[in-house]
Amino acid sequence: MTLMTAEKYLESMKKTKKQVYFMGEKIDITEHPIARPALNSVAITYDLCFNPEYENLFTATLESGEKVNRCLTFWKSIDDLLKKYKMIQITARMTGRGNARTVGADAINAIGSVSYEMDEELGTEYHQRFLKYLKYIQDNDFTISGSITDAKGDRSRRPVQQTDPDMYVRIVEKKSDGIVVRGAKLHQSVAINAHEHIFAPCTTMREDEGDYAVAFAVPADATGLFHVYGRQPSDTRRMEDDNSDSGNLNHGGNESLLVLDDVFVPWERVFMCGEWKWTFPMIHRFAGYHRNCYGAGKSAIADVVIGAAALMADYNGLSKKSAIRDKLTEMVHMARTIYACGLTSCVEGYCTPSGIYNVNLMYTNVTKLHVGRMTYEIARLAEDIAGGSLSTLPSCRDLKDPIVGKYVEKYLKGVDGVSTENRMKLMRLIEHFCYGQGSVYFLSEALHGAGSPQGQKLLIERESDLDTKKEWAKALAGISG
Ligand SMILES: Cc1cc2nc3c(=O)[nH]c(=O)nc-3n(C[C@H](O)[C@H](O)[C@H](O)COP(=O)(O)OP(=O)(O)OC[C@H]3O[C@@H](n4cnc5c(N)ncnc54)[C@H](O)[C@@H]3O)c2cc1C
């Protein structure tokens, strides 16, 4: 077993035969300028395993003594949950998106713990299959996508009520050697850059929805699997000769529409097949883990945004003004609130029957609900501090233009001692996070990733235990009965 280097990871992506379409063309993701920053963000998760400062967070040692990437392990203690959390923070800060491999890790842990309980209760062999699969991906140090969100069609209808039955991924055929699946998963982070995909249902299924109660894994080059690359705001700036207007020069992410057009899955890769009752714990465990990640990832991106806003205040000569300092303090307060909530959901985690630890459901949902609000407020304050140039700035090409360059240089300058070029670069970075490509990770994903806010409210309500709170109120007020 060997941990892959970033270089080997990039080589492996070259070798994997992927079907990826962008703007009507089939592309090579290792060559295309739009795809490269996302690859870099995955590559860093390989690099950091060899960095003495971070290897303790990015790798884990198995009982056999072998060292593997933390995203390919079961979390067997609170300490594991905390290390995963802190690992995400490091990559989010370095790349401006979360940790590219944690969505796969969350799927691994959700399926790991639920398949164990299924086998105990139903006498199935899903957990043993999953353990073999886990060893395979550990041995190869693969990047895994966690593919959960279905197309869903008419949201007011159940999967079986849809006009088109493929709106949720489903089993279309059961064979002696495996199953054939059809459907699509939407908004798939890192899937384009993955070696393997793990699939699970995105909602709880009912008795008549057994064909939709399916969890499995397929390789990235499976026949019938392809991606349609999702567009991001200002993405084609990456295709310009000079990348400077992109803001975040080397890192980014991508999402895809992942289509399964009658893909064959051998039985050894099937981890749920019709057990509809078990979709409930499966989706809630995945969502719980994944919502927790946002406390670390989005607070780390927020820290970068706060740093950029503070630097912009320096560049504008405003850093000593109390109104600016107050806004920055407000931003820090929100970023740390998000971080602390997520940390609490790890610390208050609990052990499931398989020995795999789950996060605290109340706190992980509180974290995610805050994330979907506070990041937008942090972005608003960053935009407030940066000023209107954020949305009216000329291009970096104009700065270098022989005719207009000197005027751009002269009139976009801030304080003495700071070049216009640096001030413009900083504006672009803030723009990137507030409404450029980075807003996909700082804002849209903060809102919808791991489920839209209403999903968190449902879980918070379920965990609220209002009856006990009523008793406490009665006790203080002297109300009996
Ligand atoms: C950047 C990004 C990255 C993502 N990465 C991944 C990933 O890696 N893997 C993955 O599986 N998923 C991923 N997702 C998907 C994410 O989990 C979904 O976007 C989320 O669950 C919402 O689903 P939706 O986008 O279909 O919106 P919808 O379900 O259409 O929701 C839109 C709105 O309608 C409301 N709504 C929906 N149905 C109902 C109803 N029946 N009654 C009342 N209100 C309703 C919702 O609460 C929400 O307010 C990602 C999303 C984003 C934005």
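Student: Which polar backbone atom lies 3.1 Å from a nitrogen atom of the ligand?

Tutor: That backbone atom belongs to G146. Please keep in mind that this is a predicted model.

Student: And what about the oxygen atoms of the ligand: which residue has a polar backbone atom 2.8 Å from one of them?

Tutor: That residue is I148. In addition, R155 places a polar side-chain atom 2.8 Å from an oxygen atom of the ligand.

Student: How much of the ligand does the protein bury?

Tutor: The protein buries 66% of the 970 Å² that the ligand exposes when taken alone.

Student: Which pocket does the ligand take up?

Tutor: The ligand occupies the space of the largest pocket.

Student: How many residues surround the ligand there?

Tutor: There are 20 residues around the ligand, and the closest are I148, T149, K152, R155 and S189.

Student: What is the shell made of, by class?

Tutor: The shell contains 11 polar, five nonpolar and four charged residues.

Student: Now for the fold: which element gives the most to the shell?

Tutor: Helix α13 gives the most, contributing four residues. Both β5 (144–147) and α13 (439–448) supply at least two residues each.

Student: Which domains does the shell draw on?

Tutor: At least three shell residues come from domain 1 (6–275), and at least three come from domain 2 (281–466).

Terms used:
Residues are numbered from 1 along each chain as its sequence is written. This is a predicted model: local features need pLDDT of at least 70, side-chain atom pairs count only at pLDDT 80 or more; totals for chains, interfaces and linings use all residues. Side-chain values use heavy atoms; hydrogens and water are left out. A residue is near a molecule or strand if one of its heavy atoms lies within 4 Å of it. A polar contact is a pair of N or O atoms within 3.5 Å; within protein, one must be able to donate a hydrogen and the other to accept it, and residues adjacent in sequence count only if both atoms are side-chain atoms. Accessible areas come from the Shrake-Rupley method with a 1.4 Å probe; for residues, only the protein chains shown count as cover. On a 1 Å grid over the protein atoms alone, a cavity is a set of points where a 1.4 Å probe fits but cannot get out, and a pocket is an open set with protein on both sides within 12 Å along at least five of seven lines; lining residues have an atom within 4 Å of a point. A molecule sits in a cavity or pocket if more than half of its atoms lie within 2 Å of its grid points. Ala, Val, Leu, Ile, Met, Phe, Trp, Tyr, Cys and Pro count as nonpolar, Asp, Glu, Lys and Arg as charged, and the others, Gly among them, as polar. Domain bounds come from an automatic or database domain assignment.
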